[in-house]
Amino acid sequence: MTDTPYRINYTKNANMETMKGLYNAVTGNPTVQNVANTTAAAVGTAVNTVNDGIRGDIKQRDLSTYTVEDCQKGNYITTDFGTRMSDTDTSLKGGERGPILLEDFHFREKTTHFDHERIPERAVHARGAGAHGYFQMYEAIPDLSCADVFQHPSERTPVFVRFSTVAGSRGSADTVRDVRGFAVKFYTKEGNWDLVGNNIPIFFVQEAIKFADLVHAAKPEPHNEIPQAQTAHDNFWDFISLTPESTHMTLWTMSDRAIPRSYRLMQGFGVHTFVLYNADGKRRFVKFHWTPKLGSHSLVWDESQKITGADPDFHRRDLWEAIESGAYPEWELGLQIVEEEDEHKFDFDILDSTKFIPEELAPIRYVGKMVLNRNPDNYFAETEQVAFCTQHVVPGIAFSNDPLLQGRNHSYLDTQITRLGGPNFQEIPINKPVCPVTNNQRDGAHRMTINKGRVNYFPNRFGCPMTATAAQGGYVHPPTMVHGPKIRARGPKFAEHFNQARYFYNSLCSWEKEHVIKSYAFELGHVDDLGVREKMIQRLNCVDLDLAQKVASAIGVKPPTTFDGNAHDQRSAKLTLAGSPRDSIATRKIAFLIGPGYNSAQLKTVRAGLAAAGAVTVVIGPTKGEQEKGDEAQFTYTSCKSVLFDGLVLVGGTQYEKMSQIGEVKQFVNETFKHCKPIGAIEEGAEFLKTFGFIGVGIAGPGEQDVSSQGVVTSMKFSPSIMDLSGTISWGKDLHKAIAEHRHFERIIDPVPA
Ligand code: HDD
């Protein structure tokens with residue numbers, strides 16, 4: 001690999017020693033080990049030349065010193081300690097048919113390594129996928145925070161992000177109904193900052209001390225370890241029904257937010273109220289928001305259940321493929337700021353993580369963006385070994401007294417010690433900061449650093465390493481008043497649990513409400529204990545009477561007749577997924593189902609038109625590979641399912657009477673419709689679609705105009721300009737709109753068999 005220059009612009013503590021240390025720590029480059037005779041300016045120039053290419057960032061540079069090229073072609077196979085081996089397939093035996101000898105050091109070493117290759121999976125969030133990228137500010141915000149990561153719009157801070165589900169094991173499916181983890185590690189010049197959030201802005205419990213109970217209840221039941229990666233069981237709802245503060249969170253997890261279409265198409269939230277402080281020590285409260293550029297979109301429940309079988313790696317694959325194809329996922333970082341003096345002005349407590357701060361009360365200011373542009377080289381080394389800790393902060397970012405956050409600050413460091421085998425996990429390449437680590441920590445399992453010298457304590461007669469003042473970039477906890485008796489209690493506003501739950505439910509559009517009702521009906525329908533089901537209906541009846549009644553009727557509980565809560569009508573247009581941007585079809589995956597006689601010109605034209613707008617097109621034919629007119633099919637009717645796509649196109653020419661005899665084809669079309677996805681059809685394709693008799697859907701007939709109805713876009717006349725988006729109307733334009741809409745929930749889908 002060539003020696004790419006990269007950026008270090010360390011202004012805050014810009015003395016020569018720091019520059020040297022920083023440079024050497026990051027590069028490990030012997031040619032610049034001694035820069036003592038060089039001027040600071042020269043070092044600055046040497047390291048300041050920026051290469052913003054994918055592999056040019058400072059963290060990638062650091063990681064590359066540990067990276068070994070693929071397969072090591074041309075090398076001989078060796079033992080772990082370097083001895084070349086003549087045979088790695090046959091063990092050393094006492095005679096061809098005799099016992100294996102203890103002397104076979106190669107067999108023993110290879111097998112012993114294998115025997116110890118697994119580490120404990122994460123206690124929660126075991127299933128995940130990660131990616132590298134960068135964070136960049138739009139403008140500096142020194143008024144809000146002195147953190148260096150927020151000051152330089154011209155610079156890119158490397159990040160590593162890990163998305164995850166919560167409840168399932170490492171090998172569980174991606175698309176289960178669950179909260180999604182959204183953990184971001186910023187490799188800043190002042191050390192690592194970990195923002196360990198979720199895709200839902202609130203949490204189940206108010207106190208960290210309840211986390212173990214929550215997770216025990218959510219995980220598979222202890223006697224038989226069933227069910228995997230789902231909360232549809234007695235123990236979970238038993239806990240929830242007895243924990244009224246959780247009601248609000250379950251409204252979110254029963255909503256479509258818990259079945260995202262993609263990690264790329266979901267929001268992220270820091271959840272807690274954090275604190276930002278500036279160079280003058282002025283503190284403000286902040287909530288962090290990640291908003292995806294392509295909008296927030298979800299699956300439908302029937303579909304997500306089917307994907308768990310059709311492609312358990314659905315989200316992992318989606319993230320990987322998007323990055324490999326150059327369609328880099330992007331989010332904006334938003335800040336919701338609350339002045340310190342306004343801490344108590346809300347009717348909820350901002351320290352209570354079961355509440356969000358409505359945007360109407362504190363608008364979001366978008367200050368930067370995050371782009372993920374590189375897949376990991378090695379899943380285990382990077383995504384599995386990455387260790388996020390909420391307590392990893394940098395000067396300018398601090399904690400509020402949220403008891404959930406305070407407790408998390410203990411738990412994350414603690415868990416890594418078990419998971420990663422000791423206290424030196426900060427030396428694992430993916431966890432290493434890009435700035436120097438200089439302290440008196442020594443020893444412990446797997447210590448990599450060879451610290452020279454006699455001193456491993458402080459103070460010492462050499463005064464090293466020095467403590468840093470705030471002006472020297474030291475973390476000085478912003479002075480904060482702490483008062484009150486030592487007491488196991490919570491603030492008085494923590495006692496109210498249902499107002500925001502109702503606020504959220506009020507804000508949902510009609511199809512979102514219907515999905516929430518069906519989700520509760522599904523989950524509680526798996527609960528055998530009648531007492532638990534009854535208790536849950538009592539909880540829901542503190543949120544909304546109609547919700548409680550409909551769920552009760554579905555789960556064999558007597559529906560309540562009068563509402564038991566505060567019947568307020570507050571709502572926000574910001575909380576419905578229906579309000580998310582719907583103007584792009586970038587990265588949507590569209591299937592083309594073709595059969596004998598298909599029209600190749602139509603196929604090519606429509607594919608090219610969709611691809612030009614950023615969509616991914618996939619051909620499904622009777623056989624894999626080259627088709628009768630030379631087009632390539634990536635899948636066959638039997639090797640893939642409709643649930644893996646965002647929409648379907650049926651071009652003309654195909655002898656659909658033959659296709660209609662094939663069960664998989666009929667299921668494909670029915671399911672696409674049932675899951676409310678866009679369907680485009682031309683000529684014979686439109687006629688074929690008519691045979692399905694979808695209720696209320698208009699379809700173009702012979703000699704008729706193009707028809708776009710409920711996301712079904714049909715035309716009886718193909719023209720080479722059909723995908724021209726510049727005119728006022730065209731089939732292509734309507735198809736584009738239907739795909740951008742993502743789902744068409746106005747359809748009547750109940751009678752559709754699929
Ligand atoms: Fe947690 C992992 C997010 C509450 C204890 N948590 C973990 C991960 C995410 C979150 C995204 C996976 C990180 C990764 O990809 O490696 N957790 C949250 C959020 C919470 C939350 C948004 C509430 C606002 N967590 C929470 C509490 C505790 C924990 C209250 C303990 C008191 N979380 C853990 C953990 C994990 C973890 C057991 C498991 C693996 C790990 O930390 O590294 O320590």
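## Around the ligand

In this predicted model, 21 residues surround the ligand, and those that come nearest are Arg122, Arg162, Arg408, Tyr412 and Gln416. Sorted by character, the shell around the ligand holds 10 nonpolar, 8 polar and 3 charged residues.

Several side chains place an N or O atom close to polar atoms of the ligand. For Tyr412, the distance to a nitrogen atom of the ligand is 2.7 Å. Arg408 has a side-chain N or O atom 3.2 Å from a nitrogen atom of the ligand, and for Ser411 the partner is an oxygen atom of the ligand, at 3.3 Å. Strand S3 (180-188), strand S4 (191-198) and helix H11 (403-419) are the elements that each give two or more residues to this shell. Of these, H11 provides the largest share, with 6 residues.

## The iron atom

Which protein residue serves as donor to the iron atom of the ligand? The only one is Tyr412, through its OH atom, at 1.8 Å. Tyr412 belongs to helix H11, the element with the largest share of the ligand shell.

## A look along helix H11

H11 is worth following from end to end. Just at its start, a side-chain oxygen of Asp402 comes within 2.7 Å of the backbone nitrogen of Leu404. The helix then runs for 17 residues and spans 24 Å from its first C-alpha to its last, close to the 24 Å expected at 1.5 Å a residue. Just after the helix, Gly421 adopts a positive phi of about 80°.

Which residues of H11 are buried? They are Leu404, Leu405, Arg408, Asn409, Gln416 and Arg419. Two of these names, Arg408 and Gln416, also appear among the residues that come nearest to the ligand. The buried residues of H11 pack against S4, strand S6 (274-277), helix H10 (379-384) and strand S10 (397-399).

## Helix H12, wrapped by its surroundings

Why can helix H12 (residues 499-507) be called largely enclosed by the rest of the structure? Because 8 of its 9 residues are buried. You can pick them out in the structure as Gln500, Ala501, Arg502, Tyr503, Phe504, Tyr505, Asn506 and Ser507. The cover over these buried residues includes helix H7 (247-253), helix H13 (510-525) and helix H15 (545-554).

## Two buried residues to visit

His297 sits in the loop between strand S7 (283-292) and helix H8 (301-310). Is His297 buried or exposed? With a relative accessible area of 2%, His297 is buried, because the cut-off for that label is under 20%. Setting aside neighbours within four places in sequence, His297 is in contact with Pro260, Arg261, Leu265, Pro581, Arg582, Arg588 and His742. With one of these partners, Arg588, there is a polar contact between the two side chains, at 3.3 Å.

Trp331 is part of strand S8 (residues 330-339) and counts as buried, at 0% relative accessibility. The side chain of Trp331 reaches the backbone oxygen of Met266, 2.9 Å away. For a sense of scale, try locating Tyr66 as well: Trp331 and Tyr66 are 265 residues apart in sequence, and their C-alpha atoms are 29 Å apart in space.

Note on methods:
Residues are numbered from 1 along each chain as its sequence is written. This is a predicted model: local features need pLDDT of at least 70, side-chain atom pairs count only at pLDDT 80 or more; totals for chains, interfaces and linings use all residues. Side-chain values use heavy atoms; hydrogens and water are left out. Buried means under 20% relative accessible area, exposed over 50%, partly exposed in between (1.4 Å probe, protein chains only). Helices (H or I, at least four residues) and strands (E, at least two) are DSSP runs, numbered from the N terminus. Contact means heavy atoms within 4.5 Å. A residue is near a molecule or strand if one of its heavy atoms lies within 4 Å of it. A polar contact is a pair of N or O atoms within 3.5 Å; within protein, one must be able to donate a hydrogen and the other to accept it, and residues adjacent in sequence count only if both atoms are side-chain atoms. Ala, Val, Leu, Ile, Met, Phe, Trp, Tyr, Cys and Pro count as nonpolar, Asp, Glu, Lys and Arg as charged, and the others, Gly among them, as polar. The expected span of a helix is 1.5 Å times one less than its number of residues. Donors are N, O and S atoms within 2.8 Å of the metal (3.2 Å for Na, K and Ca); water is not among the atoms, so sites may look incomplete.
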